[in-house]
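Biologist: Can you walk me through this one? I'd like the layout before the details.

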Amino acid sequence: LRMNVAWVSYGSCLDELVQADSSLNSNGTGVNIVCARLEDILHERHPGLPGSEGSRERHDAIPQESLYSAAELLAAAIRYSSASCSAPLLLLLPPSAPELSCSSLTLAHEKLS
């Protein structure tokens with residue numbers, strides 16, 4: 001099985017999805033795989049939020065509206081990438097931090113479907 005694997009650095013998922021010349025959007029063959037937790041997408045755009053690296057606050061202090069915002073950002077970035085790239089995109093949402101409210105995450109994940 002021949003394949004070419006390209007990695008992007010942590011915290012650059014959204015940029016990779018929306019930049020026309022990114023390695024993800026330049027892939028004309030094969031499959032693109034994006035693996036991202038909603039709280040990581042949120043911290044990518046707002047590094048000072050609770051639960052982010054260097055923050056003394058816990059993940060459970062993340063407001064529910066912020067998780068919705070992260071889901072909307074990710075969904076918009078995926079729509080843009082899907083429109084500009086011919087390769088299919090597989091989105092993997094790994095488990096979130098155990099401290100986060102299950103109901104908040106369920107509602108946010110529903111925004112992605």
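Modeller: The protein chain has four helices and two strands. Keep in mind that this is a predicted model.

Biologist: What pattern does the protein chain follow along the sequence?

Modeller: The order is α-β-α-α-β-α.

Biologist: And in what sense do E1 and E2 pair?

Modeller: Parallel, over four bridges. Take Cys35: its bridge partner in E2 is Leu92.

Biologist: Which way do the side chains point along E1?

Modeller: They alternate along residues 32-35. Asn32 and Val34 point to one face and are buried. Ile33 and Cys35 point to the other face and are not buried. That fits a general rule: in a regular strand, side chains alternate between the two faces of the sheet.

Biologist: What does Val34 touch, leaving out residues up to four places away in sequence?

Modeller: Cys13, Leu17 and Leu24, plus Leu89, Leu90, Leu91 and Leu92. Val34 also belongs to the largest nonpolar core, which has 15 residues. Along with Cys13, Leu17, Ile41 and Leu74, Val34 touches the most other members there.

Biologist: Which helices supply that core?

Modeller: H1 (13-18), H2 (38-45) and H3 (64-84) each give at least two residues. The largest share comes from H3, with six residues. As a general tendency, nonpolar side chains in soluble globular proteins are buried together.

Biologist: Now the outside. Which residues form a nonpolar patch on the surface?

Modeller: Val31, Ile33, Leu90 and Leu92 do. Together they have about 350 Å² of accessible area.

Biologist: Where is Leu92, and why does Leu92 count as partly exposed?

Modeller: Leu92 sits in E2, residues 89-92. Its relative accessibility is 37%, so Leu92 falls in the partly exposed class. That class runs between the 20% limit for buried and the 50% limit for exposed.

Biologist: Different spot: Gly11. Where is that, and how far is Gly11 from Leu42 in space?

Modeller: Gly11 lies in the segment before H1. Gly11 and Leu42 are 9.6 Å apart, C-alpha to C-alpha. In sequence, 31 residues separate Gly11 and Leu42. Gly11 has a relative accessible area of 33%, so Gly11 is partly exposed.

Biologist: Back to the whole chain. What share of contacts in the protein chain, between residues at least 6 apart, join residues at least 24 apart?

Modeller: The share is 68%.

Biologist: Last one. How much is buried, and how much area does the protein chain expose?

Modeller: Of 113 residues, 37% are buried. The chain exposes about 7,000 Å², and carbon and sulfur atoms supply 55% of that area.

Terms used
Residues are numbered from 1 along each chain as its sequence is written. This is a predicted model: local features need pLDDT of at least 70, side-chain atom pairs count only at pLDDT 80 or more; totals for chains, interfaces and linings use all residues. Side-chain values use heavy atoms; hydrogens and water are left out. Patches are made of residues with over 30% relative accessible area and no salt bridge: like charges are joined within 9 Å, nonpolar side chains (Val, Leu, Ile, Met, Phe, Trp, Tyr) within 5 Å. Accessible areas come from the Shrake-Rupley method with a 1.4 Å probe; for residues, only the protein chains shown count as cover. A salt bridge is a side-chain nitrogen of Lys or Arg within 4 Å of a carboxyl oxygen of Asp or Glu. Buried means under 20% relative accessible area, exposed over 50%, partly exposed in between (1.4 Å probe, protein chains only). A nonpolar core is a set of buried Ala, Val, Leu, Ile, Met, Phe, Trp, Tyr and Cys residues joined through side-chain atoms within 4.5 Å. Contact means heavy atoms within 4.5 Å. Two strands pair if DSSP finds at least two bridges between them.
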